[in-house]
Amino acid sequence: MSEMSYIQIIEHYHQHTASINELMGSILSGINDETLFQDEARQQKAIDCLMESYPFVDLPYTLDPSGQQLSHNVAPGNTLADQQGGVGKDRSHRPYFLQAKDSRATIVTAPYLSVASRSLCISAAVEVRSATDVLLGYIVLDIDLSRTIEFLMGDSQRLKFSVLFKSIYAAIALGLFSVVGLLFYFSLEELWSVFIPGTGEHELHYTKPFGIIVYLTLALAIFDLAKTTLEEEVLMHKDIFRHSSTRRTITRFMSAILIAVSIEALLLMFKSVLGDGHMLAGAVEMMFSAAALLVALGIYVFLGAKAEKAMVELRQNKLD
């Protein structure tokens, strides 16, 4: 449940471009008032209210008709103005200003990488005119694209608990890795005992080696489970709104179980070949179980991918 990667943010942006543009337009329409350019106190109050209501707004400010910044830069959560890069800064060369001065409608730029935050952002701007249609200036919003997508998808509240969730999953993964270490210790202990003089011939050739393999097989399965939990729930961003994320997690879990079952079935077959013939039936049943599990997993992945493709096409048709 880490932050979205740049690729994921761009993918979501293309899926929700129309909604993002509408959101930016509605926000700017709500504060589009000529008094913002006449009363500095009212302007600051509007900016503070804007940032409190919309946590994805990184930087709101106003420009005069020539593109010179009129208001201070106010970082999220701060009430004091940051004088550096604030009032008087020339922004007439910025893409959002060049687009806004040629349009009376709200303009929204394409995503770009913010120099300050190193995150993907967009800028929205709209011109402000007086009652007599005189151009007073422009209102500009610099928007964190990732947080905007989370806001639109209703995911902001869940992310507040992400630290707690990560801590719990990390603790679970650590416990599983501890079990792996314990099983690995037991396997080394069994391996060491093979070379101790006085070990019975039957136990040397049959019991000990297979016991080592069992310990290592269990360690492998539990290690894969712990690794999957750590990667899926702690290190990687899991998009709960996409079925592919859930399908990927289930596939990785089932693959670990499938490997463990297959190895155990092979062990039983080896034992039956070496003399324990009564285990052959159980080994065959386990192999059939592994094959059935593999087929079921393939059907699940195929149908899940097909269903998600249909949902994406349906969503795209609605947008068109």
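This passage describes the nonpolar cores and the aromatic contacts of the structure. The model is predicted, so that local features are reported only at pLDDT of at least 70 and side-chain atom pairs only at pLDDT 80 or more, while totals for chains, interfaces and linings use all residues. Residues are numbered from 1 along each chain as its sequence is written, and side-chain values use heavy atoms, with hydrogens and water left out.

The largest nonpolar core (a set of buried Ala, Val, Leu, Ile, Met, Phe, Trp, Tyr and Cys residues joined through side-chain atoms within 4.5 Å; buried means under 20% relative accessible area, exposed over 50% and partly exposed in between, with a 1.4 Å probe and protein chains only) has 27 residues, and Met24, Ile139 and Leu145 have the most contacts inside it. Helix H2 (17-31) is among the elements that each supply at least two residues, and H2 gives the most to this core, with 6 residues. Apart from this core lies another, of 10 residues, including Leu59, Leu63, Ala100 and Tyr138.

A search of the whole structure finds 7 aromatic pairs, in which ring centres of Phe, Tyr or Trp (its six-membered ring) lie within 6.5 Å, with planes under 30 degrees apart counted as stacked, over 60 as edge-to-face and the rest as tilted. One of them, the tilted pair of Tyr54 and Phe56, has 5.7 Å centre to centre and 55° between the planes. Within this pair, Tyr54 is partly exposed, with a relative accessible area of 25%, whereas Phe56 is buried, at 0% relative accessibility. Ring pairs link Tyr54 and Phe56 with Phe151 into a cluster.

Note on methods:
Helix = DSSP H or I, 4+ residues; strand = E, 2+ residues; numbered from the N terminus.
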